Amino acid sequence: DIVHDLNGIGPLSFNMPFKKIITIHDIIPVLFPDTFDSPISLLHRHFLPKTLESAEKIITVSNCTKEDILSYYNVSSDKIKVIHNAVNDCFKPQKPHEINKIRNRYGLNFPFILYVGTLEPRKNIPTILKALHEIRVKNLDYKLVIAGKKGWKYKEIFDTIDALSLHNDVVFTGYVLDEDLPALYSAADLFVYPSLYEGFGLPPLEAMACGTPVITSNTSSLPEVIGDAGIMVDPYNVDMLADSICRVLSDQRLKEHMVEKGLDRAKEFSWKRCAIKTLKIYNEVQSH
């Protein structure tokens with residue numbers, strides 16, 4: 001009776017004899033085509049308008065993505081419903097023995113700042129590296145752990161490490177298994193995520209749920225997710241990011257306050273609430 005496509009583009013672009021619901025996580029390939037391989041951008045530009053037109057309802061994972069769609073496409077606002085993502089229950093502060101196990105598994109027996117995500121231009125990793133260089137100059141002895149697989153156009157990351165001689169200060173874990181992530185977040189002193197753009201941005205929410213203070217960008221959907229629980233910075237401003245990192249790592253009271261606020265904030269995002277809202281949309285579509 002109903003097909004719900006969670007991929008954003010696909011078979012719903014075509015005329016099919018069923019009612020269609022589409023979830024759009026973001027329209028980043030349209031907004032930032034230069035950060036993607038060209039086939040992905042072309043695919044979105046060609047199929048997304050047809051998909052939006054053919055769907056009875058469009059679900060977006062943030063108000064930001066809803067506004068992006070309304071800005072770029074001729075779609076009625078009433079057709080779009082916002083249902084936020086959430087974090088799985090496994091994301092919570094981990095016990096010391098779990099944290100030690102992860103530290104040993106990945107060779108992380110030192111204080112560290114964490115980034116989790118694919119190595120790609122939009123994630124803005126060179127800015128984290130430049131901020132790391134600044135805090136090292138101020139004698140804050142933390143390494144940066146980058147957890148994620150290589151995506152595309154990542155050469156600048158390694159060029160920046162070379163240019164700033166950060167080889168001994170940055171650890172690449174590669175892809176981290178889902179079951180290892182809660183303990184990895186819990187082991188970090190700080191989570192940094194200055195992404196240029198996110199349709200939702202799960203990693204900052206996962207970090208907060210694990211009791212790790214978060215610094216992220218003041219752009220796109222990230223303020224929607226973080227609220228007042230983290231520190232938000234201009235992702236293009238290296239000095240602002242470095243200063244914020246220094247503040248958190250040098251002020252135990254601020255760090256504890258951010259941990260407490262983050263844990264409370266993460267509880268506001270629930271998959272059960274997401275499921276209930278989604279079911280309501282199924283029923284609305286079915287009854288029309």
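**Overall form, charges and salt bridges of the chain**

For a chain of 288 residues, a compact globule would have a radius of gyration near 19 Å, and the 20 Å found here agrees with that expectation. The structure is a predicted model. Along the principal axes, the C-alpha atoms fill a box of roughly 65 × 40 × 30 Å. Twelve helices and ten strands make up the secondary structure of the chain. Of the 288 residues, 52% are buried.

Two pairs of residues help to show how positions along the chain translate into positions in space. Leu190 belongs to strand E8, which spans residues 190–193. With a relative accessible area of 0%, Leu190 is buried, because anything under 20% falls in that class. Leu190 and Ile215 are 25 residues apart in sequence, and their C-alpha atoms are 7.7 Å apart in space. The second pair involves Ile9, a residue of the loop between strand E1 (2–5) and strand E2 (19–24). Ile9 is buried too, at a relative accessible area of 8%. Between Ile9 and Asp89, which lie 80 residues apart along the chain, the C-alpha separation is 29 Å.

Charged side chains come next, and salt bridges are a good place to begin. The whole structure contains twelve salt bridges. One of them brings together the side chains of Glu98 and Lys101, with an N to O distance of 3.5 Å. Both residues sit in helix H4 (residues 96–106), and their spacing of three residues is about one turn of the helix. Glu98 is partly exposed, its relative accessible area being 24%. Lys101 is also partly exposed, at 42% relative accessibility.

Helix H4 takes part in another salt bridge, through Arg105. Here the partner is Asp180, and the closest N and O atoms are 2.7 Å apart. Asp180 lies in the loop between strand E7 (170–174) and helix H7 (181–187) while Arg105 is in helix H4, so this pair ties together parts that are 75 residues apart in sequence. The two partners can also be described by how much of each is accessible. Asp180 has 4% relative accessibility and therefore counts as buried, whereas Arg105 is partly exposed with a relative accessible area of 48%.

A further salt bridge joins the side chains of Lys261 and Asp228, at 2.9 Å from N to O. This pair, too, links distant parts of the chain, with the two positions 33 residues apart in sequence. Lys261 is in helix H11 (residues 252–266), and Asp228 is in the loop between helix H9 (222–226) and strand E10 (231–233). Lys261 counts as partly exposed at 27% relative accessibility. Asp228 has a relative accessible area of 58% and is therefore exposed, since the cut-off for that class is over 50%. Salt bridges can also share partners, and in this way Glu120, Arg122, Lys123 and Glu198 are joined into one network.

Some charged residues gather on the surface instead. Lys81, Arg273, Lys277 and Lys280 form a patch of positive charge there. Helix H12 (residues 271–287) supplies the largest share of this patch, with three residues. Lys277 is placed in helix H12, and its relative accessibility of 40% makes it partly exposed.

Finally, the backbone holds two details worth a look, both in loops. Asn124 has a phi near 65 degrees, which is a positive value in a residue other than glycine. Asn124 is located in the loop between strand E5 (112–116) and helix H5 (125–137), and with a relative accessible area of 8% this residue is buried. Lys153, likewise a residue other than glycine, has a positive phi near 50 degrees. The loop that holds Lys153 runs between strand E6 (143–147) and helix H6 (155–164). Lys153 is partly exposed, with a relative accessible area of 46%.

Conventions
Residues are numbered from 1 along each chain as its sequence is written. This is a predicted model: local features need pLDDT of at least 70, side-chain atom pairs count only at pLDDT 80 or more; totals for chains, interfaces and linings use all residues. Side-chain values use heavy atoms; hydrogens and water are left out. Patches are made of residues with over 30% relative accessible area and no salt bridge: like charges are joined within 9 Å, nonpolar side chains (Val, Leu, Ile, Met, Phe, Trp, Tyr) within 5 Å. Accessible areas come from the Shrake-Rupley method with a 1.4 Å probe; for residues, only the protein chains shown count as cover. A salt bridge is a side-chain nitrogen of Lys or Arg within 4 Å of a carboxyl oxygen of Asp or Glu. Lys and Arg count as positive and Asp and Glu as negative; His and the chain ends are not counted. The place of a charge is taken as NZ of Lys, CZ of Arg, CG of Asp or CD of Glu. Helices (H or I, at least four residues) and strands (E, at least two) are DSSP runs, numbered from the N terminus. Buried means under 20% relative accessible area, exposed over 50%, partly exposed in between (1.4 Å probe, protein chains only). The radius of gyration is taken over C-alpha atoms; the globule rule is 2.2 Å times the number of residues to the power 0.38.
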